[in-house]
Each structure stands twice: as structure tokens, then as C-alpha cells.
Amino acid sequence: MPALAYTRAPPVEPLPPDQVTRCVDLAQCVTIVVKTGGRAPLVLELAESIKKTLGKYLPMVVVDDAETRYEDGVIANLTSVPLLTYIVGEESNVGIAKGRNMGVAMVKTKYTGLFDDDSVFDSNTNISRLVEILDTTDASLVGGKSTTNGDENFEGIFHFNPFTCEPPGPQKMRHCKYCTWISLQACGENPEPVINFPDCSRCDLTHNLFLAKTSDILAVGGWSEELRVQEHQDIFLRLRAEGKKVVLCPNFKVTHNPKRREYKNFNSYSTKRNYQKDRHYELYLWRWGFYKRS
């Protein structure tokens, strides 16, 4: 594993003018990757919300590891969406990490958009804004917020507090590396605005809704397939360790489809994701040399 530097990450900087290549057509620059598990109808609604919001479809790669077959016509409706590639998992329940890696491997565009299958675009989902940031700065990834998810444990700046076995204050990530605490500070606290984009600031961890440079996701190895949980935090730690810069734009938002829990596969999938959850969490801690405080 790459080593984590116990220093503050450098600020996001504008690219020199001669290095700026602007995206003219979103459909030529952005591919949306979605991992689902038996909720293809939700993905269809996501695709249609993109069309409604942007006035066009974007290339989309959908990886589905559903355990049960869909009703007649479901997959036909989904695969009829222009620019959409539908991939069936190599086996049922391949996991979020492997499914996302399968999706990114199919991406041909400069940028990859990562969204959950129950995401819905609306007037607050200004993906052109994220493209502009990636076009003109040295940021590797730009994330936003969900209007229906108030969980701040998936957003923040990593702070390393060496040589103390006591937490420095309220913690959201309680990891200790040889008595070095890693805490998570909300990106909105003491923000570091991005030059030319004052509504966005440097961050280390964002929610599962972001746009990233495809080459940088591949450069850090994508998601760790051996992790059934914590794969999200893990990839952001690797981005940080490799010097890849992350930005949060809180005004970029998606909503969650209220139908997401209506699918019978949802509870089954969640149960299997959480199977041996503690073992996978311990593996995540071991990979980074972290240890849980008793």
C-alpha cells in the first residue's frame, strides 16, 4: 500500500492555460458508471432523469449482478436507452468494488461519473460545473451531495494526529495507527476554496456521487475487490496517498429515488454485502496499518 503522509494535502491549483483542454460535448467527455444488484428499473429512471436534465443521454455502463431474473421487458427497456451498455456480472453478488471496476474498464471517455443506481438527476445536478473544474484544475475528482442523505461520515478532510492515543475531539472516523488518530473534519469547516470556483473547496472524501478523471481512477487501481465494505473510504485514502486531489461542490446535488427499497433484492443484497462485515472491516484496517481503539 502507498504510504499516507501526515501532512495537509496541497491546495487545488489552476492548470496553466496551455494545458487546458475544454470539453465541448458532455457525451464525448463523460461516461456514467452504475453498479446495481437487481434494480435495473431504477437505473432506467436515472437514465431518463439525465435526459430530462441535460437534454441528452450520456454514455452509461451498467453492471448488474442480480441473483434473480427480471420480469419480461425490464432489460429490453433498459438496453434500448441510447449510449447505454449493460453488463451482467460474472456471477451473482460480485460486489460493489468489482462491479465498479468492471464498469470503469469499459469507459472510453476522459471522465467517469460514479453514481448509485437509485440516484436521480434534477436541476441541481449541474455536471457541466464538475467538468469545468476537471478541465481547468489539477483536481482528480469532484464530488457533490445527496439531497436525501445527511450522513456526514462519507465527506470530509483527513486529519492525522500523531503521537497521541487520545482522540483530539469529536470523531467520525475512529482509526488509530500506532497511536496516530485519523479524524474526519467536514469540508465546510475552515474551507479551502478552489481558485475560480469559490463555491467548491478541497476535500479528501466525498459521497458516492462524483466525476473523476478516468486515468486517475485507473492509476490508483480502482476499488479494492477484496473489500466488501469500506471500499469507498479505501479508494479515497489511496487517492490521497497518491497525491490525487479531491474537490467537494456542495451545490452539486442528486436525489435518491424513493422507490429504492421496494425491490425484493435490496434486503438480500444488503445482507450479503454485510456478510462477514467485521472480517472485511478488519482487512481494511490491516491494509492501512490502522487499528480499532478498544
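Reader: Which residues of H7 are buried?

Author: The buried residues of H7 are Glu231, His232, Gln233, Asp234, Ile235, Phe236, Leu237, Arg238, Leu239, Arg240 and Ala241. This is a predicted model, in which local features need pLDDT of at least 70 and side-chain atom pairs count only at pLDDT 80 or more, while totals for chains, interfaces and linings use all residues. Residues are numbered from 1 along each chain as its sequence is written, and side-chain values use heavy atoms, with hydrogens and water left out.

Reader: What makes H7 mostly covered, and what do "helix" and "buried" mean here?

Author: Helices are DSSP runs of H or I with at least four residues, strands are runs of E with at least two, and both are numbered from the N terminus. Buried means under 20% relative accessible area, exposed means over 50%, and partly exposed lies in between, with a 1.4 Å probe and protein chains only. In H7, 11 of its 11 residues are buried, and the helix is therefore called mostly covered.

Reader: What stands out about the phi of glutamine 230, and is this residue buried or exposed?

Author: Glutamine 230 has a positive phi of about 65° although it is not a glycine, and it sits in the loop between helix H6 (214-219) and helix H7 (231-241). Most residues other than glycine have a negative phi. With a relative accessible area of 16%, set against the cut-off of under 20%, glutamine 230 is therefore buried. Just after H7, glycine 243 also takes a positive phi, of about 75°.

Reader: Why is leucine 83 called partly exposed?

Author: Leucine 83 has a relative accessibility of 48%, which is neither under 20% nor over 50%, so it counts as partly exposed. Leucine 83 lies in the loop between helix H3 (74-79) and strand E3 (84-88), and it has a positive phi of about 70° although it is not a glycine.

Reader: How do you know that cysteine 23 and cysteine 29 form a disulfide?

Author: A disulfide is a pair of cysteine sulfur atoms within 2.5 Å, and the sulfur atoms of cysteine 23 and cysteine 29 are 2.1 Å apart, so the pair qualifies. The torsion about their S-S bond is about 110°, so this disulfide is right-handed. Cysteine 23, at 18% relative accessible area, is buried, and cysteine 29, at 11%, is buried too.

Reader: How many disulfides does the structure hold, and which parts does the pair of cysteine 200 and cysteine 249 tie together?

Author: The structure holds 2 disulfides, one of which joins cysteine 200 to cysteine 249 with an S to S distance of 2.0 Å. Cysteine 200 lies in strand E11 (residues 197-203) and cysteine 249 in strand E13 (residues 245-256), so the pair ties together parts that are 49 residues apart in sequence. Both cysteine 200 and cysteine 249 are buried.

Reader: What makes threonine 255 a buried residue, and which residues does it touch?

Author: Threonine 255, found in strand E13, has a relative accessible area of 18%, which is under 20%, so it is buried. Contact means heavy atoms within 4.5 Å, and, not counting residues up to four places away in sequence, threonine 255 touches Asp118, Ser119, Val120, Asp122, Thr147 and Thr148.
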